[in-house]
Amino acid sequence: MAAATVWQPLNDGLTEICTLLEQQISPSSVVDKSQIWKQLQHFSQIPDFNNYLVFILVRAEGKSIEIRQAAGLLLKNNLKGAYPSMSQENQKYIKSELLPCLGAVDRNIRTTVGTIISVIVNIEEGSGWPELLPALVTCLDSNDLNHMDGAMDALSKICEDIPHVLDSEVPGLVERPINIFLPRLYQFFQSPHASLRKLALGCVNQYVIIMPAALYNSMDNFLQGLFVLANDPVAEVRKLVCAAFVQLTEVLPSSIEPHLRNVMEYMLQVNKDPDEEVALEACEFWSAYCDAQLPSENLKELLPRLIPVLLSNMAYADDDESLLDAEEDESQPDRDQDLKPRFHTSRLHGSEDFDDDDDDSFNVWNLRKCSAAAIDVLSNVFGDDILPALMPLIQAKLSASGDETWKEREAAVLTLGAIAEGCFNGLYPHLSEIVAFLLPRLDDKFPLIRSISCWTLSRFGKYLIQECGNPKGYEQFEKVLMGLLRRLLDSNKRVQEAACSAFATVEEDAAEELVPHLGVILQHLMCAFGKYQRRNLRIVYDAIGTLADSVREELNKPAYLEILMPPLVAKWQQLSNSDKDLFPLLECFTSVSQALGVGFAPFAQPVFQRCMDIIQLQHMAKVDPASAGAQYDREFIVCSLDLLSGLAEGLGSGIESLVSQSNLRDLLLNCCMDEAPDVRQSAFALMGDLARVFPAYLQPRLIDFLQIASQQLSANLIGENLSVANNACWAIGELAVKVRQEVSPIVTNVVSALALILQNGEAVNKSLVENSAITLGRLAWIRPDLVAPHMEHFMKPWCLALTMVRDDLEKEDAFRGLCAVVKVNPSGGVSSLVFICKAIASWHEIRSEDVNNEVSQVLNGYKQMLGNSWAECWSALDPPVKERLARYQV
């Protein structure tokens with residue numbers, strides 16, 4: 001039988017592709033790169049085009065390394081999309097050409113081959129290439145540097161992208177691949193070649209988080225290897241050693257416990273490493289140590305030596321990009337890259353326990369910030385115990401005079417802010433001295449000292465407000481307030497940003513204490529509004545919104561509205577419907593409309609119409625961006641829906657004149673069915689707000705709204721879907737109490753979904769559990785006959801959830817439902833009677849007389865029904881519960 005013919009390229013095709021690749025990578029501007037790209041894309045349709053690319057990468061010895069590498073990178077990108085649909089012959093050919101090239105003489109060729117191998121392994125999930133693992137092992141065991149380096153490079157990419165592949169059963173292999181590779185990786189820790197030590201440790205580190213059995217069982221070998229590499233001459237290796245210790249501390253703290261003192265001493269030493277990246281990785285250890293709840297005494301002993309290291313690392317490094325930023329004054333326009341990506345958080349109804357990921361992810365994380373975070377964590381763990389080691393250092397740095405020591409002074413002010421919460425008890429007696437010291441720093445000649453002083457003062461804000469009761473404390477609060485307002489109008493952009501953010505923090509803490517100063521606050525904010533560039537303007541919007549949230553209806557005075565509204569309206573008219581600078585303005589208007597309530601009425605019509613136009617424009621852009629003249633961006637929809645919710649909440653029934661002639665109902669129904677969770681979340685918030693103030697408007701599509709909302713409760717309740725379910729659940733309850741019997745068609749389905757949520761309460765969050773308990777109660781109140789037959793399935797978790805709900809009107813509704821189902825089916829509640837009693841005892845005071853009477857009837861009804869068994873139930877209750885129930889004479 002004839003041997004299978006091996007694929008061979010045609011010379012013309014080879015020459016043509018090489019010429020195109022050469023033109024593509026040439027720096028010449030004469031060549032039209034887009035035409036070349038189109039031609040290469042056209043070639044990609046030819047079945048064996050990728051064979052040509054692998055041939056050029058592996059065998060075109062006469063061509064430049066750059067052309068061969070370009071062929072490899074194009075091959076990698078092609079395979080990501082085309083590999084599964086390629087013929088088996090071509091797949092086989094490519095794989096057979098790659099393996100011999102793992103040990104190529106040129107490192108660029110080797111690393112390109114490694115990248116392509118990891119792409120194929122990713123697509124095939126590790127099965128389908130039986131020759132790969134033996135080839136890697138052969139290279140690793142070869143003692144030839146090129147072969148070992150090529151295999152390690154491919155292996156490191158597989159470990160990084162698809163670590164689980166090596167920890168899976170492979171047909172034909174007795175053990176998992178990781179068991180074959182781990183001992184070899186540990187051996188490479190002792191290699192004389194830095195590249196191999198680095199790649200080997202990088203590979204093992206990828207497995208610490210998932211901790212497979214092979215690593216767990218060889219932990220002693222791993223730790224031994226880490227101690228060998230601890231003082232490696234190569235910084236990148238030391239950085240990986242630190243990363244390994246940090247990850248082990250987070251994932252398996254027991255593994256380092258026997259070596260704790262050595263590890264801590266090492267981390268302290270490396271925290272001073274001349275390479276900042278190594279020091280940064282080491283610095284992460286202290287927060288990880290505290291989170292892992294390892295013995296605090298060990299760390300406490302280290303504090304006198306650790307704190308000076310952290311403090312010296314908190315000074316700005318000479319190459320810190322903030323030093324350059326700090327030179328920018330307000331006359332320089334912002335560049336597009338200066339604008340941080342922003343993320344709007346959709347409206348949420350219920351307990352504020354959802355993770356708020358408003359982190360500084362856009363800012364570069366560096367040794368200074370990490371050291372400050374470590375001091376913050378240490379102050380929260382050890383409290384005032386860190387002050388004896390810390391305060392003399394702070395005082396020494398603060399008293400350093402002269403321009404050359406400004407970074408020391410700045411770091412000391414940062415430290416004071418970092419410990420403001422954790423060391424509060426020890427600092428409180430000195431609060432007035434600290435503030436008296438910080439106030440003049442607001443006028444320092446160095447902008448970064450002015451900006452950090454704003455932040456640190458804001459960290460002490462809530463304590464200053466507690467002192468407002470005495471004249472001296474009030475005077476100091478006023479000085480801080482005026483100092484921050486003065487800095488709002490600084491000419492330096494960095495100081496503007498810090499002052500505005502600090503002021504927003506103080507607003508949240510101070511709330512009604514701001515009312516006497518509203519006029520002067522608004523004048524400063526609107527003056528800043530007039531002078532800031534785009535980036536800082538967003539922070540002013542936030543400060544205005546926070547002010548509105550803090551003082552609410554106090555803002556609704558003609559004198560204040562004259563200062564606040566004209567500049568906002570002018571900006572509103574200046575921006576187009578597809579300008580992203582609208583987002584923060586929409587958010588700001590949302591807070592202002594809620595705060596002003598009916599006072600917002602004069603501005604409501606154009607704002608309402610604009611929101612409608614924006615939503616319609618985005619719905620068009622989603623289908624046909626060209627004819628809409630805008631690219632689709634769902635954040636426009638989310639912000640507009642939230643502003644409409646703010647209008648509904650603020651104007652109350654006054655919203656009727658705005659919505660009754662509009663097509664909002666159909667738009668809203670569309671948004672409730674959107675595939676994006678954040679759009680649905682905001683849509684259900686608006687549905688609930690409209691249900692509260694103008695339910696008749698939803699009537700024509702009532703069943704549609706209810707059915708779509710009820711579908712959210714049985715969706716896959718993880719991630720963003722939780723927030724959608726939360727708002728949908730709340731909206732169903734709000735609508736139910738308004739339309740009463742008309743919710744009947746969905747009651748049974750919704751109740752069974754809510755029962756499941758309550759039974760799995762620990763898997764969801766507090767807000768959804770509370771809203772589920774309230775909505776279940778509202779449906780039970782309206783249709784007890786439909787709910788009572790099923791009550792045994794959910795009575796216990798329902799009552800437990802009700803105990804967590806704070807006393808308010810919603811809780812009263814829920815208890816009307818509880819009493820109603822017990823009346824219909826008293827025996828269904830007997831097995832959960834202890835929990836019913838606990839739920840009733842969770843009230844501090846039931847203000848509604850009729851709810852109070854119904855609760856009394858339920859308790860007394862059970863007492864009569866159970867006769868002698870009542871005493872048994874009563875004895876199972878805790879004394880505080882009995883005490884609360886005593887008012888019902890049971």
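How many cavities of 30 Å³ or more does this predicted model hold? The count comes to one. The space inside this largest cavity is about 120 Å³. Its lining is made up of 13 residues, and the closest to the cavity's centre are Val121, Gly126, Leu132, Leu133 and Val165. Try finding these five in the structure above to see where the cavity sits.

Which elements build that lining? Two or more residues each come from helix H6 (107–124) and helix H7 (132–140). H7 gives the largest share, three residues. As for chemical character, the lining divides into 10 nonpolar residues, two polar ones and one charged one.

Now let's turn from the cavity to the packed side chains. In soluble globular proteins, nonpolar side chains tend to be buried together. Here, the largest nonpolar core counts 320 residues. Within this core, Phe222, Trp286, Leu568 and Trp798 have the most contacts. Helix H39, which covers residues 720–739, supplies the largest share of the core, with 11 residues.

To get a feel for one of these well-connected residues, pick out Leu568. Which residues does Leu568 touch, once its neighbours within four places in sequence are left aside? On one side of Leu568 in the numbering, its contacts are Met526, Phe529, Tyr541 and Ile544. Leu585, Cys588 and Phe589 are also in contact with Leu568.

Finally, there is a second core, separate from the 320-residue one. This second core has seven residues, including Ala326, Trp406, Phe446 and Ile449.

Note on methods. Residues are numbered from 1 along each chain as its sequence is written. This is a predicted model: local features need pLDDT of at least 70, side-chain atom pairs count only at pLDDT 80 or more; totals for chains, interfaces and linings use all residues. Side-chain values use heavy atoms; hydrogens and water are left out. On a 1 Å grid over the protein atoms alone, a cavity is a set of points where a 1.4 Å probe fits but cannot get out, and a pocket is an open set with protein on both sides within 12 Å along at least five of seven lines; lining residues have an atom within 4 Å of a point. Grid points are joined across faces, edges and corners, and a volume is the space filled by probe spheres set on the points. Helices (H or I, at least four residues) and strands (E, at least two) are DSSP runs, numbered from the N terminus. Ala, Val, Leu, Ile, Met, Phe, Trp, Tyr, Cys and Pro count as nonpolar, Asp, Glu, Lys and Arg as charged, and the others, Gly among them, as polar. A nonpolar core is a set of buried Ala, Val, Leu, Ile, Met, Phe, Trp, Tyr and Cys residues joined through side-chain atoms within 4.5 Å. Buried means under 20% relative accessible area, exposed over 50%, partly exposed in between (1.4 Å probe, protein chains only). Contact means heavy atoms within 4.5 Å.
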